[in-house]
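User: I have a model open and would like to go through it with you. Where do we start?

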Amino acid sequence: MNWISNEDRLSFKNKGFMIINNVVPNHLIKPACKEIASYVGADLTQPSTWYKGHTDNDGLVPVCHLQSIWNIRQSAKVYAAFSEFFYGEKELYVDFNRCCFRPPCHKDYPKISLGEIHWDIDPRKGCDGWIQGIVLLSV
């Protein structure tokens with residue numbers, strides 16, 4: 001399956017990012033979301049609990065070591081998308097950084113979910129041989 005279109009590559013060149021939908025298999029999304037939410041004390045079925053957890057660091061939670069997160073990193077579809085980005089390169093280095101829990105913006109919680117995405121490099125300038133990927137999960 002081809003994940004990256006010519007339009008995606010043009011978007012990356014011009015804007016510094018591209019959006020590729022449905023790369024993470026559905027069966028991997030729910031466990032990861034549940035574990036991230038659990039860390040901050042949120043029940044995904046109860047929106048009232050989404051704003052009561054950790055609010056420091058704009059939603060950053062130190063759970064990147066969880067098996068559910070590693071399962072996403074090692075997904076064949078995720079690997080295929082990154083391999084395709086690098087024009088078929090098969091030897092990819094897997095790194096991890098962080099996870100976030102950011103519920104939708106809410107008027108009663110003005111300091112939650114208003115942060116920016118953290119970039120390790122300026123995506124418009126790039127860095128030869130590597131790229132930062134962000135996986136957005138939603139249930």
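Analyst: With a convention: helices are DSSP runs of H or I with at least four residues, strands are runs of E with at least two, and both are numbered from the N terminus. On that basis, tyrosine 87 is found in the loop between α4 and β2. Bear in mind that this is a predicted model.

User: How many helices and strands does the protein have?

Analyst: Four helices and two strands. Along the sequence they follow the pattern α-α-β-α-α-β.

User: And what share of the residues is buried?

Analyst: Of the 139 residues, 29% count as buried. As for contacts with a separation of 6 or more, 62% are between residues 24 or more positions apart.

User: Back to tyrosine 87. What is its phi?

Analyst: Phi of tyrosine 87 is near 55°, a positive value in a residue other than glycine. Most residues other than glycine have a negative phi. Tyrosine 87 comes just after α4, and at 66% relative accessibility it counts as exposed.

User: What about asparagine 22, what is its phi?

Analyst: Positive, about 65°, although asparagine 22 is not a glycine. Asparagine 22 is found in the loop between α1 and α2 and counts as exposed, at 65% relative accessibility. There is also glycine 41, just after α2, with a positive phi of about 75°.

User: Next, α2. How far apart are its end C-alpha atoms?

Analyst: They are 21 Å apart. Helix α2 covers residues 26-39, and its 14 residues should span 20 Å at 1.5 Å a residue, so the two values agree.

User: Which residues of α2 are buried?

Analyst: Leu28, Ile29, Ala32, Cys33, Ile36 and Ala37. Seen down the axis of α2, the buried residues fall within an arc of 150°, so they line one face of the helix. The face turned away from that buried side carries the exposed residues His27, Lys30, Lys34 and Ser38.

User: What do the buried residues of α2 pack against?

Analyst: Against β1 (60-61), α3 (67-73) and β2 (99-100). Isoleucine 69, found in helix α3, gives some detail: among the residues that isoleucine 69 touches are Ala32, Ile36 and Cys99. Isoleucine 69 is itself buried, with a relative accessible area of 8%. Arginine 98 is 29 residues from isoleucine 69 in sequence and 10.0 Å from it in space, C-alpha to C-alpha.

User: Now α4. Which residues are buried there?

Analyst: Val78, Ala81, Ser83, Glu84 and Phe85. What covers the buried residues of α4 includes α1 (6-15) and α3.

User: A buried glutamate. What is the nearest side chain of opposite charge to glutamate 84, and how far away is it?

Analyst: Arginine 9, at 5.3 Å. Side chains of opposite charge can pair when their charged atoms come close. The cut-off for a salt bridge is 4 Å between a side-chain nitrogen of Lys or Arg and a carboxyl oxygen of Asp or Glu, and glutamate 84 has no salt bridge.

User: Then which backbone nitrogen does the side chain of glutamate 84 reach?

Analyst: That of tryptophan 3, at 2.7 Å. The same side chain also reaches the backbone nitrogen of isoleucine 4, at 2.8 Å. Leaving aside neighbours within four places in sequence, glutamate 84 is in contact with Met1, Asn2, Trp3, Ile4 and Arg9.

User: How many salt bridges does the count come to?

Analyst: One. The side chains of lysine 107 and aspartate 108 meet in a salt bridge, 3.4 Å from N to O. Lysine 107 is exposed, with a relative accessible area of 73%.

User: Last one, serine 75. Buried or exposed?

Analyst: Serine 75 is buried, with a relative accessible area of 6%, and is found in the loop between α3 and α4. At the start of α4, a side-chain oxygen of serine 75 reaches to within 3.2 Å of the backbone nitrogen of lysine 77.

User: What is serine 75 in contact with, leaving aside its neighbours in sequence?

Analyst: With neighbours within four places left aside, Val23, Pro25 and Leu28. Serine 75 and leucine 28 are 47 residues apart in sequence, and 8.6 Å apart in space, C-alpha to C-alpha. Leucine 28 is one of the buried residues of α2.

Methods. Residues are numbered from 1 along each chain as its sequence is written. This is a predicted model: local features need pLDDT of at least 70, side-chain atom pairs count only at pLDDT 80 or more; totals for chains, interfaces and linings use all residues. Side-chain values use heavy atoms; hydrogens and water are left out. Buried means under 20% relative accessible area, exposed over 50%, partly exposed in between (1.4 Å probe, protein chains only). Lys and Arg count as positive and Asp and Glu as negative; His and the chain ends are not counted. A polar contact is a pair of N or O atoms within 3.5 Å; within protein, one must be able to donate a hydrogen and the other to accept it, and residues adjacent in sequence count only if both atoms are side-chain atoms. Contact means heavy atoms within 4.5 Å. The expected span of a helix is 1.5 Å times one less than its number of residues. The arc is that of the directions from the helix axis to the C-beta atoms.
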